[in-house]
Amino acid sequence: SCALCRLIANGNVVLVSEGETVKRTKKNLFGVALGLMPVRADWVRHSVREQCWLDQALYMRPWPEAMASVSEEPLLSGIVAVVHGSAAWRRDWVPLLCVAG
């Protein structure tokens with residue numbers, strides 16, 4: 001939504017990821033399409049303990065190589081995607097395609 005895009009543009013949205021690696025889940029794909037970089041869950045725990053938001057850069061997770069190239073342009077800029085699938089599939093994936101470009 002536009003409200004979410006404004007929050008992201010202002011740096012008010014953080015993608016917190018659990019586990020050792022960043023997986024290609026729908027939520028993570030939305031995050032990368034919106035230009036977010038995931039931080040480890042330790043960032044939240046340590047920030048709460050210190051009672052202030054710590055530097056996210058110290059807690060960044062590397063993306064898998066195939067997802068590592070994020071540019072200033074939308075991910076799918078200039079690509080025309082024609083979606084075909086069930087109504088449930090389109091309901092889940094069309095918003096991601098829209099966000100990505």
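Q: Buried means under 20% relative accessible area. Which residues of helix α2 are buried?
A: In this predicted model, helix α2 covers residues 26-33, and its buried residues are N28, G31, V32 and A33. Just after α2, G35 takes a positive phi of about 85°.

Q: Why is S47 called buried?
A: S47 sits in helix α3. Its relative accessibility is 3%, and the cut-off for buried is under 20%. S47 therefore counts as buried.

Q: What does S47 touch, leaving out residues up to four places away in sequence?
A: With those set aside, S47 touches C52, W53 and L54. To count as a contact, heavy atoms must lie within 4.5 Å.

Q: What makes the approach of S47 to W43 a polar contact?
A: A polar atom of the S47 side chain lies 2.7 Å from the backbone oxygen of W43. The limit for a polar contact is 3.5 Å, between N or O atoms of which one can donate a hydrogen and the other accept it. The distance of 2.7 Å is within that limit, so the pair counts.

Q: How many aromatic pairs are there?
A: The count comes to one aromatic pair. W43 and W53 form it.

Q: Why is the pair of W43 and W53 called stacked?
A: Two values are needed, because a pair of aromatic rings is described by the distance of the centres and the angle of the planes. For W43 and W53 the centres are 4.8 Å apart and the planes make an angle of 20°. Centres within 6.5 Å make a pair, and planes under 30 degrees apart make it stacked. Both values meet these limits, so the pair is called stacked.

Q: Where in the chain do W43 and W53 lie?
A: W43 is in helix α3 and W53 in the loop between α3 and α4. Ten residues separate them, and the pair links distant parts of the chain.

Q: Which of these words fits W43, buried or exposed?
A: W43 has a relative accessible area of 5%. Since buried means under 20%, W43 is buried.

Q: Which of these words fits W53, buried or exposed?
A: W53 has a relative accessibility of 62%. Exposed means over 50%, so W53 counts as exposed.

Q: How do you know that R45 and D42 form a salt bridge?
A: Their side chains meet with N and O 2.2 Å apart. A salt bridge needs a side-chain nitrogen of Lys or Arg within 4 Å of a carboxyl oxygen of Asp or Glu. The value of 2.2 Å is within 4 Å, so the bridge counts. R45 and D42 both lie in helix α3, three residues apart, about one turn of the helix.

Q: What links R40, D42 and R45 in a network?
A: Salt bridges link R40, D42 and R45. D42 meets R45, and the side chains of D42 and R40 meet at 3.9 Å, N to O. That value too is within the 4 Å limit, so this bridge counts.

Q: How exposed are R40, D42 and R45?
A: D42, at 23% relative accessibility, counts as partly exposed. R40, at 27%, is also partly exposed. R45 reaches 51%, and the limit for exposed is over 50%, so R45 counts as exposed.

Q: How many salt bridges does a search of the whole structure find?
A: The search finds three salt bridges. One of them joins R49 and E50, with the closest N and O atoms 3.8 Å apart. R49 is exposed at 57% relative accessibility, whereas E50 is partly exposed at 46%.

Q: What makes the phi of Q51 stand out?
A: Most residues other than glycine have a negative phi. Q51 is not a glycine, and its phi is positive, about 60°. Q51 lies in the loop between α3 and α4 and is exposed, at 73% relative accessible area.

Q: Why is V83 called partly exposed?
A: V83 has a relative accessibility of 30%. Partly exposed lies between the limits of 20% and 50%, so V83 counts as partly exposed.

Q: Which residues is V83 in contact with, leaving aside neighbours within four places in sequence?
A: V83, in the loop between α3 and α4, is in contact with W89, R90, V94 and L97. V83 and V94 are eleven residues apart in sequence, with their C-alpha atoms 7.4 Å apart. R90, in helix α4, is partly exposed at 35%. With the same neighbours left aside, R90 is in contact with V83, G85 and P95.

Terms used:
Residues are numbered from 1 along each chain as its sequence is written. This is a predicted model: local features need pLDDT of at least 70, side-chain atom pairs count only at pLDDT 80 or more; totals for chains, interfaces and linings use all residues. Side-chain values use heavy atoms; hydrogens and water are left out. Helices (H or I, at least four residues) and strands (E, at least two) are DSSP runs, numbered from the N terminus. Buried means under 20% relative accessible area, exposed over 50%, partly exposed in between (1.4 Å probe, protein chains only). Rings of Phe, Tyr and Trp (its six-membered ring) pair if their centres lie within 6.5 Å; planes under 30 degrees apart count as stacked, over 60 as edge-to-face and the rest as tilted.
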